[in-house]
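Hello, and thanks for sharing this one. Here are some notes to read with the model open beside you.

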Amino acid sequence: AGKLLILGKPGAGKTTTLLELARALVKRAIDNPNEPMPFLLNLSSWKDPKQSIKDWAIAELTTKGIGSKLGTKWFEDQKVLPLLDGLDEVRSDLQPACVKAINQWMSS
């Protein structure tokens with residue numbers, strides 16, 4: 001279904017594996033413009049339990065120079081493939097809400 005969860009203890013290589021996957025997905029998107037372009041987004045900046053992951057991701061794209069209208073359109077058209085990293089870097093009291101927000105987004 002195009003979803004992957006990488007689990008492991010700190011130092012196990014989760015981020016390295018994600019970066020290797022991102023590199024392969026970028027190549028795939030360059031070779032085939034119909035494929036979504038991956039964007040690595042670090043969850044450590046998610047701080048508002050009322051903000052959906054999609055809205056947070058669009059805001060993160062904005063900080064990377066992508067306008068919010070364009071970011072929203074890319075999400076609607078499934079032109080982006082967000083790669084989320086750093087759940088362990090989210091404030092510990094916000095981690096359950098972050099997981100819930102991710103699950104809500106994934107089920108929508």
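The points below go through a helix pair, an aromatic contact and a few single residues.

1. A word on the source before the details: this is a predicted model. Please read each of the points that follow with that in mind.

2. Let's begin with helix α2 (residues 53-63) and helix α3 (residues 68-76). Their axes come within 9 Å and cross at roughly 130°. The two helices are therefore oblique to each other, since the cut-off for roughly antiparallel is over 145 degrees. As for handedness, the crossing of α2 past α3 is right-handed.

3. Which residues make the contact between α2 and α3? On the α2 side they are K54, A57, I58, L61 and T62, and α3 brings S68, G71, T72, F75 and E76. Sorted by class, this contact has four nonpolar, four polar and two charged residues. You may like to colour the contact by class when you look at it.

4. Next, the buried side of α2. I53, W56, A57, I58, E60 and L61 are the buried residues of this helix, and a charged residue, E60, is thus listed among them. These buried residues pack against α3, and also against β1 (37-42), β2 (80-85) and α4 (95-107). A57, I58 and L61 are buried in α2 and also take part in the contact with α3. Just after α2 comes G65, with a positive phi of about 95°.

5. F75 deserves a point of its own. F75 is located in helix α3, and at a relative accessible area of 12% it counts as buried, because the cut-off for that class is under 20%. Leaving aside neighbours within four places in sequence, F75 is in contact with K54, A57, I58 and L61, as well as with V80, P82 and W105. Between F75 and S108, which are 33 residues apart along the chain, the C-alpha atoms are separated by 13 Å.

6. How many aromatic pairs does the structure hold? There are two. One of them joins F75 and W105 in a tilted arrangement, 6.4 Å centre to centre with 55° between the planes. This pair links distant parts of the chain, with F75 in helix α3 and W105 in helix α4, 30 residues apart.

7. Q78 is worth a look too. Q78 sits in the loop between α3 and β2. Is Q78 buried or exposed? Its relative accessible area is 62%, so Q78 is exposed. The phi of Q78 is near 55°, a positive value in a residue other than glycine. Most residues other than glycine have a negative phi, so I would point this one out to readers. From Q78 to L19, 59 residues apart in sequence, the C-alpha to C-alpha separation in space is 21 Å.

8. Last comes M106, in helix α4. M106 is partly exposed, with a relative accessible area of 32%. M106 and P10 are 96 residues apart along the chain, and 24 Å separates their C-alpha atoms.

Note on methods
Residues numbered from 1 in each chain as written. Predicted model: local features only at pLDDT ≥ 70, side-chain atom pairs only at ≥ 80, totals over all residues. Heavy atoms only, no water. Axes fitted to C-alpha atoms, helices over the stretch in contact; angles between N-to-C directions. Helix = DSSP H or I, 4+ residues; strand = E, 2+ residues; numbered from the N terminus. Parallel < 35°, antiparallel > 145°, perpendicular 65-115°, else oblique. Left-handed = near helix turned anticlockwise from the far one by under 90°. Contact = heavy atoms within 4.5 Å. Nonpolar A, V, L, I, M, F, W, Y, C, P; charged D, E, K, R; others polar. Buried < 20%, exposed > 50% of the residue type's maximum accessible area, 1.4 Å probe, protein only. Phe/Tyr/Trp six-rings, centres within 6.5 Å; stacked < 30°, edge-to-face > 60°.
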